[in-house]
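Trainee: I would like to learn how to read the features of a model such as this one, beginning with charged side chains. Could you take me through them one at a time?

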Amino acid sequence: MKKLISLFSALSIGASALCIPTANAVESKGNLVILGDSISSGYGLDESEYNYGEILGEYLDYDTENFAVPGLTTAGLIEKLADENVKNAVSNADMIVVSIGGNDFISTARDVFSEKYGEIVDITDLNAIFTMFKSDVMKALATLSNLYT
């Protein structure tokens, strides 16, 4: 039975990460689910290299399922959480790790710090993206919480 949920959240312009372990995670071999974007998927690694989810799963001696997709945004994560395979994996997970957010900001930040159509894009574009990001993260957390309990 899942008794303890702890949450680690780190938000930066590049990504945010969440780790949600339960008491089961310490008791026996468990299941680790990785969700997120290229950071979680290990984009750019050679075949002989491990992404951080695989390293964590090996360290914990957990079975690991990685549903990360390069280019995924927080809105895409919400859609991914509707997939039956993902829902099943999350509901049976002892630990869930999510790294998401970089793709929400990267194109807007690129536009803000460079010229677009001869004008500098207003900084309010970043505020609008952050507002949407925050809303999507809250929706994703609520979905994860509903699936996980």
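Trainee: Which side chains meet Glu84 and Lys87 in a salt bridge, or do the two meet each other, and what is the N to O distance?

Mentor: Side chains of opposite charge can pair when their charged atoms come close. The term salt bridge is used here for a side-chain nitrogen of Lys or Arg within 4 Å of a carboxyl oxygen of Asp or Glu. In this predicted model, Glu84 and Lys87 meet each other in such a bridge, at 3.3 Å from N to O. The two are three residues apart in helix H5, so about one helical turn separates them. Glu84 is exposed, with a relative accessible area of 56%, whereas Lys87, at 29%, counts as partly exposed; buried means under 20% relative accessible area, exposed over 50%, and partly exposed in between, with a 1.4 Å probe and protein chains only.

Trainee: How many salt bridges does a search of the whole structure find, and which residues do shared partners join into one network?

Mentor: The search finds three, and Lys29, Asp61 and Asp63 are joined into one network by bridges that share partners. Lys29 pairs with Asp61, their closest N and O atoms being 3.9 Å apart. Because Lys29 lies in the loop between helix H1 (24-27) and E3, and Asp61 in the loop between helix H3 (52-60) and strand E4 (63-66), this pair ties together parts that are 32 residues apart in sequence. Lys29 also meets Asp63, at 3.6 Å from N to O, and since Asp63 lies in strand E4, that pair ties together parts 34 residues apart in sequence. Asp61 is partly exposed at 47% relative accessibility, and Asp63 is partly exposed at 45%.

Trainee: What should I make of Asp37, and how far away is the nearest side chain of opposite charge?

Mentor: Asp37, placed in the loop between E3 and helix H2 (38-41), is buried yet has no salt bridge, and the nearest side chain of opposite charge, Lys80, is 12 Å away. For this purpose Lys and Arg count as positive and Asp and Glu as negative, while His and the chain ends are not counted. Leaving out residues up to four places away in sequence, Asp37 touches several residues, among them Ala68, Pro70, Ser99, Gly101 and Asn103, where contact means heavy atoms within 4.5 Å.

Trainee: Which residues of the largest nonpolar core touch the most other members?

Mentor: In soluble globular proteins, nonpolar side chains tend to be buried together. A nonpolar core is a set of buried Ala, Val, Leu, Ile, Met, Phe, Trp, Tyr and Cys residues joined through side-chain atoms within 4.5 Å. The largest one here has 17 residues, of which Val33, Leu35, Leu77, Val90 and Ile96 touch the most other members. Strand E3 (31-36), helix H5 (84-91), strand E5 (95-101) and helix H7 (124-148) each supply at least two residues, and H7 gives the most, with four. A second, separate core of five residues includes Leu32, Ile34, Tyr62 and Met95.

Trainee: How many helices and strands does the protein chain have?

Mentor: There are seven helices and seven strands; helices (H or I, at least four residues) and strands (E, at least two) are DSSP runs, numbered from the N terminus. Buried residues make up 37% of the 149 residues.

Trainee: Which conventions apply to these values?

Mentor: Residues are numbered from 1 along each chain as its sequence is written, and side-chain values use heavy atoms, with hydrogens and water left out. Local features need pLDDT of at least 70 and side-chain atom pairs count only at pLDDT 80 or more, whereas totals for chains, interfaces and linings use all residues.
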